[in-house]
Amino acid sequence: MKQAGQIALLVLALPASALAEVDVSEWLCESCPFEDGYQSNVEAGTTYVSDEDIRYGNATGYDKDGMYLNVDGDGVYSRDGYRQSWRVEDLGLDSRVVTVEGARQGRYGYWLEYNEIPSRVFGTTETVFDYNSGTLLLPPAWVPAGTTDGFAALEDSLKTRTIESDWGFARVGGRWIASDAFEVYANYSRQTRDGIDIKSGSSYTQAALLPRRIDYATDQADVGVRFRIGSGTLTLAYYGSYFDNRNAALTWQTPFTAPPGATELTAAEEPDNNFQQLSLSGAFQTDFWQSVLAFSVAMGRGEQNENFLDYTSNPNIPGAALPRPSLQGEVDTSNYAVTFTARPLDRVRVKLAYRYDDRDNSTAVDEWSRVITDVFPSGELQENVPYSFTRSRFSAEADVKVLDELRVSAGYDRNELDRDYQEVAEQTEDIGWGQVRWRPASWFELRGRGGVSRRDINRYDEDVAVSLGQNPLMRKYNLAYRYREFGELTAMVSAPTKPLSFGVTVFSADDSYSESKLGLTSSDEMRYTVDLSWKVSDAISVYLMHGGESVEAEQAGSAMFSAPDWNAVHDDEFHHWGAGLHWSPAEGKFDLRLDYSNGEGDTAIRVDSNGVASALPKLTSSLDSLRAEMAWHFSERLDLTFDVRYESFMTDDWAIADVAADTLPTILTLGASPYDYDIWAVGVGFRYYIGERDLQLAD
Amino acid sequence: MKPHALTRRILAQLVLLVALITSPGLLAQSDDSEPEYSRKGADSCFACHDDQATLAVFRSKHAIRQDSRTPFGHGQLQCEACHGPGGEHAGRVRRGQERAPITAFSSGSTLPVMEQNQFCTACHQDDLGFGWHGGAHDMEEVACSDCHSSHAATDPVLVSSMQAQVCFDCHQQQRTQAMKPFAHPVREGKMDCGSCHSAHGGSSDTRLTQQATNDTCFGCHAEQRGPYLWEHAPVSENCGDCHDPHGSNHPGMLSLRAPMLCQSCHSQSGHPSIAQDASGLPDATPSPLLLGQSCLNCHSQVHGSNHPSGSKLMR
């Protein structure tokens, strides 16, 4: 060990010029298998999916039963220092990924990427609405009623409408390295999302869940120049993001009996907006205490100026004039950060950091005359509230290597948060923590970490709460006094020379909101993980993992708008098991992987209202996933591949279970059902290698 | 260890430290025993290390002859650029004698992490960015090689579909959370940790890719950015006030089930915060406050409304 350390010290201590003095004239690298030419592998195959369930297609693309053709692969072309690579995943599916990178290393590089992510939410949903020219229309024979049980034409009008959308990401970028000291880079990306999601549309006392069309596009640009100055780097960058929503309004015909003029209703969609930011960041190292000073300064502005809709789409309500035709919204952001790290002694490392974040919403305040759900004017003027906040954080940390095998760290953080227009104007949080790492041997480490934090507020302004119609006893959990204790214990056994590695972690955090009479009053969290991997032999390795999480939260409420008269206790549990095997005989004919994972979640909610206890049914989820992959090395260039997957996913959710379209008298739902599928997917294919599969030392 | 022995040991360490700090010529004094480089460079190494995992470096970006910055570039030190002088390691070994070690990069390496990393940062300093310094990975002394495979033709941590498994080796609690029924598509390999976190940089508490939590979320969810005419205060401040981005038992990755989540902050006059229990289920008196989308059955614009009549987030 001492010698290795000495070698490292010497190499690092040697300046580049000294390295250049090493005589390498006989270092001919004659046996080096430099690659010139093309090398790739292409895998093509077909997969049979046993059953159709749209949820199984979430992020995978396998949302229907039957056969799928698929192609994966990657390749590299190298010649005279030019290198181009490509990679394809799931080309035949809606989850495809294509990337291309090229570079003449040290001079320039470029990249292109396209990927899709299918979001598949519900396949069990039904609706009475048809989409036509921007409006969700009821069937011609629809019979409105005051409650859903009066919808005479409901049963004949329901049509299946899946809730799904497709995300697409396209990215192109490049880098030009002008010199060792100067580099320019640029990225442009376009992200799209189109499909259908769920949005409710409300009338006065009723609402309908709508299958809303979404059609979003976001263009983003990221351009920068990087300078290297001595032992430091500086990066000047621009970031711009431009969001475009092709739908400015959501318009629907209400299925409920409505006053004249209020049969077709309109809500605003998410407005077009943009955000631009200029930043300068850098890091400078000095030999003095091996210190590093790093900083970042970023100034940004967000704008939103979508034209407003009218106060109401009801022609029978005289329209008041809008204060202005669009928001002309502006939010300025400032983010500054500076970090200083140093090693004043060989065994002592310190860190000081400060961060400042400001969101200044300078959107003008006006008075607005609301029309309540397109039915009647509120008769009162209401001002918009442009929320702003300033957040700063100071942290100090020291790490001391007390002994070769013992390290002790401690730190203190101070957070300050000032807000406008909210119940709490000034909030602080003090956090103190300590950590001990004991490593008596290179293969064993024990780590304990713990601390406390206290969030204080200058005062909870009940006048502000009352002006917002709030019960003055309510303490919003993100604004409330909070005392937190947390601790984590980790043990790790790991050494490459030993075939076994083992790790266990336990984390606990208790939050007390002791000054809150209404709202969240406590939250206790416990997490643990166990991880075991065993290299049984050169050919076989196995792993086993387990993790769990438990959160118990308590809250108090008041139905009478006075003192607490009910409370609820939430028990959120989640457990995960994973196990697997990799078998790859050194000179064997195959490579086999088996992976199994299981996730079980449940949430129990107990409600005690005026002394009467009630428990909601458990919310549960259960996921079992098994995958077996085998490649049979048929020849030097050809592998036959076999892939078997099984997945079972079930949820029990009282929010949607047995809730048909007309179960709720005042809400027309989409009748979604909890998830429940068992699906097998079996694939066969081949992988063909082009170019040399294995590298051989040159003769 | 007895207390006085411990004290002696600490004092000895302190004396050694002071000597190291105050003796700039210490390294120079050790020139006599300076390790030597091998006689033939990589050709010496490959006499023994000819396995595919080692040779894969020739399919990586580290072995481009025409790029003089790479270890195998013209005039460079080949294997010994990273592994250090290997003269003694490659030399003859008498029977029974242990071969001299060479710098290794792995969890079992005897070389301190900071020194391992300096081999990498000698060339990759720019890749660290400003946020590495003082970040959790830096302070916890995570080695570059803990995440990166420098010999591999394709470094798994740089490929979206593989990256999370590398991160999960240490971040095991997040691996459990990614398995939850409502989570970003990390388990499926369609999103990586780097979509939100910058392992090398970022000055925010959790090393996010953007300056603030919300800015990071808006990278994909720009429709929520606003500013809206009618803002929902916590949305403007921190998406994490309501959402658990690593996964949740609840749809929308909410931290609690609605309506209780909303009732943690809202108890309005004229809109009482009524306890929602089993009496609101379909087999009793179905409650529009409990079932379907709960509060969002009416207040659908929970992220903000740009409608002039949208102050209650219903338009």
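This passage goes through chain B, two surface patches on chain A and a handful of salt bridges. The model is a predicted one, so everything below is read from computed coordinates.

Chain B is the place to start. Its secondary structure comes to 14 helices and zero strands, so there is no β to be found when the elements are read off from the N terminus: α follows α from beginning to end. Of the 315 residues in chain B, 49% are buried. As for how the chain contacts itself, take the contacts between residues at least 6 apart in sequence: 43% of these join residues at least 24 apart. On the outside, chain B exposes about 14200 Å², and carbon and sulfur atoms supply 58% of that area.

Turning to the surface of chain A, two patches are worth pointing out. The negative one is made up of A:Asp51, A:Glu52, A:Asp65, A:Asp676 and A:Asp678. One of these, A:Asp65, sits in the loop between β1 (37–49) and β2 (66–79) of chain A. A:Asp65 counts as partly exposed because its relative accessibility is 41%, which falls between the 20% and 50% cut-offs.

The other patch is nonpolar. It brings together A:Phe227, A:Ile229, A:Leu236, A:Leu278, A:Leu280, A:Val297, A:Met299 and A:Tyr336, which together offer about 650 Å² of accessible area. Three strands of chain A, namely β12 (207–229), β16 (273–285) and β17 (292–304), each give two or more residues to this nonpolar patch. A:Val297 is found in β17, and with a relative accessible area of 34% this valine is partly exposed.

Next come the charged pairs. Over all chains, the structure holds 62 salt bridges, and a few of them are picked out here. In chain A, the side chains of A:Asp244 and A:Arg246 meet at 3.1 Å, N to O. Both partners fall in the partly exposed class: A:Asp244 has a relative accessible area of 27%, while A:Arg246 is at 46%.

A second salt bridge runs from A:Arg437 to B:Glu140, with an N to O distance of 3.2 Å. A:Arg437 belongs to strand β24 (residues 426–441) of chain A, whereas B:Glu140 lies in the loop between α8 (136–139) and α9 (144–147) of chain B, so this pair joins two chains. The arginine is tucked away here: A:Arg437 has a relative accessible area of 11% and is therefore buried.

A third salt bridge, back within chain A, pairs A:Asp511 with A:Arg484 at 2.6 Å, N to O. A:Asp511 comes from strand β27 (residues 500–512) and A:Arg484 from strand β26 (residues 482–493), so the bridge ties together parts of chain A that are 27 residues apart in sequence. The two ends of the pair fall into separate classes: A:Asp511 is buried, at 7% relative accessible area, whereas A:Arg484, at 27%, is partly exposed.

Finally, some salt bridges come as a set. A:Asp63, A:Asp94, A:Arg120, A:Glu164 and A:Asp166 are joined into one network by salt bridges that share partners.

Definitions and conventions. Residues are numbered from 1 along each chain as its sequence is written. Chains are lettered from A and ligands numbered from 1 in the order in which they are written. This is a predicted model: local features need pLDDT of at least 70, side-chain atom pairs count only at pLDDT 80 or more; totals for chains, interfaces and linings use all residues. Side-chain values use heavy atoms; hydrogens and water are left out. Patches are made of residues with over 30% relative accessible area and no salt bridge: like charges are joined within 9 Å, nonpolar side chains (Val, Leu, Ile, Met, Phe, Trp, Tyr) within 5 Å. Accessible areas come from the Shrake-Rupley method with a 1.4 Å probe; for residues, only the protein chains shown count as cover. A salt bridge is a side-chain nitrogen of Lys or Arg within 4 Å of a carboxyl oxygen of Asp or Glu. Lys and Arg count as positive and Asp and Glu as negative; His and the chain ends are not counted. The place of a charge is taken as NZ of Lys, CZ of Arg, CG of Asp or CD of Glu. Helices (H or I, at least four residues) and strands (E, at least two) are DSSP runs, numbered from the N terminus. Buried means under 20% relative accessible area, exposed over 50%, partly exposed in between (1.4 Å probe, protein chains only). Contact means heavy atoms within 4.5 Å.
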